[in-house]
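Colleague: I am new to this structure and should like to understand the terms used to describe it. May I put some questions to you on how each term is justified?

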Amino acid sequence: MTGGVDLTVSAEDEELDELLDRELTAFNTAATGADDHTDVYVRATDGTTGEVVGGLTGWTWGGLGAVDMLWVREDQRGTGLGTRLMRAAEDEARRRGCARMTVSSYTFQAPAFYRRLGYVETGRVRGVPGGHVDVYFEKPLDPSAAAPPFQVAVVLDYPADAVEDALAHEERTLELLPRHGGRLERRLRTPDGRSEVHLLAFPSEDAYRAFLADPDRAPDGRVTARVLEVGEVYD
């Protein structure tokens, strides 16, 4: 009787892909009790030529909706088609009883686009080629569940003799925002680099207080900071 397990590494294995999908779906269904996993496809076609000019793929499962891929042909970008595709997917997710939607985007793709649609950053995965990051977002689909964000403007003045060190410290502090549902919406810096204004948004004041109390957030005593609660933001 021989023993051991052999491993085979390849760039493609359709049979294995189907096996894992079947087995993990069964495992997930048994663990959650939700057996309604269904794919979502949204296709955008040119009304004259019939050519595909954009599309979206995703899925819904147990009250959660997700976007896997979103693409808009270059000549259609900036026309609002991406927003229409997302709205169509969100509407379908609501129709299927979903309460939340999730999506991720590389930093060289469209994080700002999802933020404009009301998605809040929940986490980041580093190590994407080119020094980029994979940013994860989430959004409640019930409008009544989306409370207005709690916003603050932070005015920072850095010490003249340690500007670079202070900036590095501030970067580390900003990296803690997603832990608490916070996001940096705007960042302004003076030409001499000694002063900045940060517009921060949090899902609630409690989330902001949790950010302030984060044990990994150690204020730099050399930096002067003024915090202003913001009611309205104008472009």
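Colleague: What makes F211 count as buried or exposed?

Modeller: The model is a predicted one. In it, F211 has a relative accessibility of 4%. Buried means under 20%, so F211 counts as buried.

Colleague: Why is the aromatic pair of F202 and F211 called tilted?

Modeller: The ring centres of F202 and F211 are 5.5 Å apart, with 40° between the planes. Rings pair if their centres lie within 6.5 Å, and planes that are neither under 30 degrees nor over 60 apart count as tilted. The pair is therefore tilted. F202 is buried as well, at a relative accessible area of 1%.

Colleague: How do you know that the charged end of R217 sits over the ring of F211?

Modeller: The charged end of R217 is 5.4 Å from the centre of the F211 ring. The distance limit is within 6 Å, and the charge must also be within 35 degrees of the ring normal. R217 is listed as sitting over the ring.

Colleague: Why do E90 and K139 form a salt bridge, and which parts does the pair tie together?

Modeller: Their N to O distance is 3.2 Å, and a salt bridge requires a nitrogen within 4 Å of a carboxyl oxygen; the contact therefore qualifies. E90 belongs to helix 2 (residues 81-95) and K139 to strand 6, so the pair ties together parts that are 49 residues apart in sequence. E90 is buried at 1% relative accessible area, and K139 is buried at 9%.

Colleague: What makes R115 partly exposed, and is its salt-bridge partner E121 buried or exposed?

Modeller: R115 has a relative accessible area of 23%. Partly exposed lies between the buried limit, under 20%, and the exposed limit, over 50%, so R115 is partly exposed. E121 is buried, with 4%. The closest N and O atoms of R115 and E121 are 2.9 Å apart.

Colleague: How do you know that strand 4 and strand 6 pair?

Modeller: Strand 4 (residues 100-106) and strand 6 (residues 132-140) share seven bridges in the antiparallel sense. Pairing needs at least two bridges, so the two strands pair. Among the residues involved, S104 has Y136 of strand 6 as its bridge partner. G123 also stands opposite Y136. Strand 5 (residues 120-128) is joined to strand 6 by six bridges, again antiparallel.

Colleague: What places L19 in a nonpolar surface patch?

Modeller: L19 has a relative accessible area of 34%, and patch residues need over 30%. L19 makes the patch of about 470 Å² together with L16, L20, L24 and F27.

How values were computed:
Residues numbered from 1 in each chain as written. Predicted model: local features only at pLDDT ≥ 70, side-chain atom pairs only at ≥ 80, totals over all residues. Heavy atoms only, no water. Phe/Tyr/Trp six-rings, centres within 6.5 Å; stacked < 30°, edge-to-face > 60°. Buried < 20%, exposed > 50% of the residue type's maximum accessible area, 1.4 Å probe, protein only. Helix = DSSP H or I, 4+ residues; strand = E, 2+ residues; numbered from the N terminus. Patch = residues over 30% accessible without salt bridge, like charges linked within 9 Å, V, L, I, M, F, W, Y side chains within 5 Å. Areas by Shrake-Rupley, 256 points an atom, 1.4 Å probe, with all protein chains shown as cover. Salt bridge = Lys/Arg side-chain N within 4 Å of Asp/Glu carboxyl O.
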